[in-house]
Structures are given as structure tokens and as C-alpha cells.
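Subject: Structure handover

Dear colleague,

Here is the structure for your files. Please look it over before reading my notes.

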Amino acid sequence: MTVTSDRTELLPAVREFLSAPKQLLIGGEWVDAADGKTFATVNPATEEVLVEVAQASAADADRAVQAARAAFESPSPWSRFTPRERSHLLWRIGDLIDEHLEEFAQLESLDNGKSLDSARGDAGVAAELFRYFAGWATKMEGTTIPMSVPGREFHAYTRREAIGVVAGIVPWNFPLTMAAFKIVPAITAGNTVILKPAEQTPLTALRLGQLLLDAGLPAGVVNVLPGFGDAGAALVDHAGVDKVAFTGSTEVGKKIAAGASKNLKKVSLELGGKAPNIIFADADLDAAIAGAALAGFFNEGQCCVNGSRLYVQREVFDQVVEGVAKAARAITVGDGFDASTTMGPLVSQEQHEKVIGYVRGAVADGATLAAGSADPAADKGFFFAPTLITGVTEDMAIQTDEIFGPVVTAIPFDTEDEVVAAANNTVYGLAAGVWSRDLGTAHRVGSKLRAGTVWLNTWHADDVTLPRGGFKQSGWGRELGSFGLDDYTELKTVIAELR
């Protein structure tokens, strides 16, 4: 079922934001692109243009790097912020996001397509990220290390120091949350940031830029450059950028790593996934079926840790497939502003066509649709019904490639060794899951899965305290928790001789 909604419920603040020019944030000022170019951001539920946005170029990237560098270097106001002052500022920003939560949710739903409830959850996570890292600002501690040099005495210790200018390049599936993932740990450590939001979803990043200035963040500490890949590439290539933090596809991640190698700037990458979700016959099948539906269809399937490869032990395969198909058919696809909507549209026409192409290709190769369709779910808007596919082989593109849509493949298995080998037969290693009442089986199989996050008898359970990242071609480094903060610091060793 597909539902639509009008926009009569838009907050006055949202209407005001949409009616104002959408410029670049550089050095604390809202400015047009150097060449005057703009681009349209589109509502994926209606295919209507929401607003024209300034389109950053390489020249704008250079302006932003200069502003971020000036804000970082002593004796700038930001360089004189104490850890406690950074902590208080971070907490204040988190509270301001909460105060404007509905505004952020409406902008996110308009720009990305997700339901208002989902967008509210994302805004809440962003607020909590600021508050969580507020506690870390005063706890970036070093260590003292004894030295053993005969006849001489030394005092040796380590310091954690900010890297410098960080370019944060974020995707369109969780625009506000991903912006917070990059900004928060960077400024917690005392860095400055240039945020490059995805061209499909720039609005909440721009609104966040406004809010950061309102909270008292000094000019140039966070700059926002909406635009396309050329702007991101300019940041990656720029000698004045000390670190690139990227979340997105593995294909683009490889390009960023190659570009950053020119001057060996630091890089952290959270990339693609094709997560296996394994259900053993002894699992709580009601919980596993509900979990498999959540794992596969969460966020319109546009989530890198979604369980898109479902492996089910043969004796319960038909039962699980029937249950997940039933759950898929119960999902209401529609406009994110409609209260009955449980799944919004895909983010763009390009993504819509990509998902349709994969499903049609699988059907042409002999796979069977247990739920969903190879056709669009509506004449207007980028809607696509949640889809479950059986009769898939391990060499089909729908099984090997990251699709980033509400598409799950289901394959039966017989033995533990068989399913572990199949689950690990991928270039990705971001997430995985196991369902079994036998905790020994769950932990044993979980330990064999090559993935950065492994869920046992659950899926999408998460917290800002936990590190996230991937094995293999799913990325480099970790985000969130104390582990994520380390990636935004340099470790300095200081040695003093005591005479």
C-alpha cells in the first residue's frame, strides 16, 4: 500500500528555512558559491524541488580549508578553548538539537523521504552524540612510561592532541546523524571541520550549521559545503586537510584512499556492507522472523549494516520465508509525513532505478519473488515495496552486490560450517547476525563471522558508546565510543631528561 500526504503540518520554522537562500557556511558566514552555481534538492516522495542550494566547487573547498585552518591555529578563539569549555559547548548543542527536534525531523523527512518517526529518532541520536562526547572532552588523557637508560633519568609521557583540519564527507541515508558522527568527535578533540553533505540531502546539515553558530561555536570551526563529488575530491586532494572521514560506498572509499595517499593525510572509512543474517532451526522463530524483517527493511533498506543476506536452516526455511514475506507485505509504503507510513521512498530516482534493476535482473536469472515486486510501488515518488527473494545462487549480483534498498535474499543451509563459509564469502565485513536458542552456537558462530559488528538474537541494537566499523572492504578505523575519538587525535611522545 502507498499513501501520500500534504504539507499543511509544516512548522513555521521549517517554512521559513525553506524560503531562505541556501548558501555555503564558510568561516562563520553564509556565502554563495564562488561561481554562483546552485543545484536542486528534491523531495523523493513527490519528486518536487524543495529548494535550490549553493553548489560548492574546488574554489569553495579552498576557501573553507583556509577558514578551518585559521580557526584551528593558535592564537584563534577555538585554540584557546579549554576541554571544559568544549564539553559545555557540546552539551549545549545537544540540548539545542532536542529543542528543535521536530524541525530537524521534518526537514529530514522532506529531503530524505524517511518517515517522521524515523527522522525524529535520528535527530535524537544526533543530540545524544553531542552529549556523550561532551564527557570525553575532559578525559583525553596521556600516560607516563618508565624508561630504562643506565646512568640517566628521564620523564616520558604521551599526549593526545588534535589532528587539525578534518574533512567529513557523509552519505544520504542518515544525513543528520552521519553529520554528527563526523563533527562531534572531531571538535571534541579540538579539531576544525569541513562537512560535505551528500548532494541528495543537504538540508539538515545546513540547519545544523545554523544551530552550531547559535550555540556559540567560533567562526570557521565547522564549515558546511553542499555540493557534488568534485567538491569532496577537492577536499581529499587539498594539502591543507589533515584527515578525511568518510562514510559511503566502497567504490568511493577506494578513490578517497587513493587521493589521500598523495600527501598521506589520515583517512577513516566506513564503507559498504552485505550483512549475512543466520537463523538456526532452534531459534525463537517468532523473534527471528521479526528480527529478519527489521534487519532487511529498516530505513527503506538504505542502511549499510542491514541484514540483506538471509540464511535459514533448511528444516525451518519455508516457515521463516513465509513469516518474513508476511511482515514485508504488512509494511505501509508512503509519504513520510503520513502517520500510517512505516516505510518511505528511496532517496532518489537514481537509487530507485538501481534497486529495480537488481530485482529485475534476479528474476530474469531465475529467482522467485516471495514478497514485493520488480516494479515501482507508485506512479509518482521513488517508492519501492519491501521485497524478499528466494531461488538465489551465491554468484548472482543480487547476492554479491550492495543494493541499498528494501531487498532481502533467502537461502537455505544445512550445516554450521556451510553457512559460516557462505556468510564470509563476501568482500564486505561490516555486520552479521546469528539467531539460536543455544548460546554456545550463537557465540561460536558469531566468533567465526568476519564483521565489525555481530548481533546475537537481535538486530540494530546499538548505542553511541559502542565502536562501529568494518572488516575487509567495509572500511578502515572505528567510529563512536572512546575508540572513535582516538581516530581524531595524534599521539605525541614527550621525553625530558632529569638532571
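The notes below cover salt bridges, a strand hairpin, two loop residues, a pocket and the cavities.

Please keep in mind that this is a predicted model.

Salt bridges

There are 23 salt bridges in the count. Three of them are described here in some detail.

Lys114 and Asp122 form one, with 2.5 Å between the closest N and O atoms. Lys114 is buried, at a relative accessible area of 0%. Asp122 is buried too, with a relative accessible area of 10%.

Another salt bridge joins Arg131 to Glu128, and there the closest N and O atoms are 3.5 Å apart. The two residues are three apart in helix H5 (residues 116-136), so about one helical turn separates Arg131 from Glu128. Arg131 is buried, with a relative accessible area of 13%, whereas Glu128 is partly exposed at 36%. This pair also belongs to a wider arrangement: a network of salt bridges links Asp95, Asp98, Glu128 and Arg131.

The third is between the side chains of Glu497 and Arg152, at 2.9 Å from N to O. This salt bridge links distant parts of the chain, since Glu497 is in strand E21 (residues 489-497) and Arg152 is in the loop between H5 and E6, 345 residues apart. Both partners fall in the middle class of accessibility: Glu497 is partly exposed with a relative accessible area of 27%, and Arg152 is partly exposed at 45% relative accessibility.

The E4-E5 hairpin

Strand E4 (residues 38-43) pairs with strand E5 (residues 48-54) in the antiparallel sense, over six bridges. One residue pair to look for is Val42 with its bridge partner in E5, Val49. Four residues lie between the two strands of this hairpin, and Glu47 takes a positive phi near 65° there.

Two loop residues

Asp335 sits in the loop between strand E14 (333-334) and helix H12 (349-364). Is Asp335 buried or exposed? Its relative accessibility is 2%, and because the limit for buried is under 20%, Asp335 counts as buried. The side chain of Asp335 reaches the backbone nitrogen of Phe337 at a distance of 2.8 Å.

Asp487 is in the loop between helix H16 (481-486) and E21. With 26% relative accessibility, Asp487 is classed as partly exposed. In sequence Asp487 is 298 residues from Ala189, while in space the two are 9.8 Å apart, C-alpha to C-alpha. Ala189 comes up again in the next section.

The second largest pocket

The volume of the second largest pocket is about 320 Å³. Its lining is made up of 18 residues, and those that lie nearest the centre are Arg86, Arg159, Glu161, Ala162 and Ala189. Which element gives the most to this lining? It is E6, with five residues. Helix H3 (83-99) and strand E6 (154-162) each supply at least two residues of the lining. By residue class, the lining of this pocket holds seven nonpolar, five polar and six charged residues.

Cavities

How many cavities of 30 Å³ or more are there? The count comes to three. The notes here cover the largest and the second largest.

The largest cavity has a volume of about 100 Å³. It is lined by 14 residues, with Gly301, Ser308, Ile403, Phe404 and Gly405 the closest to its centre. The lining of the largest cavity consists of five nonpolar, six polar and three charged residues.

For the second largest cavity the volume is about 70 Å³. There are 15 residues in its lining, and Pro276, Tyr428, Gly429, Ala431 and Arg450 lie nearest its centre. The lining of the second largest cavity divides into eight nonpolar, three polar and four charged residues.

Regards

How values were computed:
Residues numbered from 1 in each chain as written. Predicted model: local features only at pLDDT ≥ 70, side-chain atom pairs only at ≥ 80, totals over all residues. Heavy atoms only, no water. 1 Å grid on protein atoms, 1.4 Å probe; cavity = no way out; pocket = protein on both sides within 12 Å on 5 of 7 lines; lining within 4 Å. Points joined across faces, edges and corners; volume = space filled by probe spheres on them. Nonpolar A, V, L, I, M, F, W, Y, C, P; charged D, E, K, R; others polar. Salt bridge = Lys/Arg side-chain N within 4 Å of Asp/Glu carboxyl O. Buried < 20%, exposed > 50% of the residue type's maximum accessible area, 1.4 Å probe, protein only. Pairing = 2+ DSSP bridges. Polar contact = N/O pair within 3.5 Å; in protein donor to acceptor, adjacent residues only side chain to side chain.
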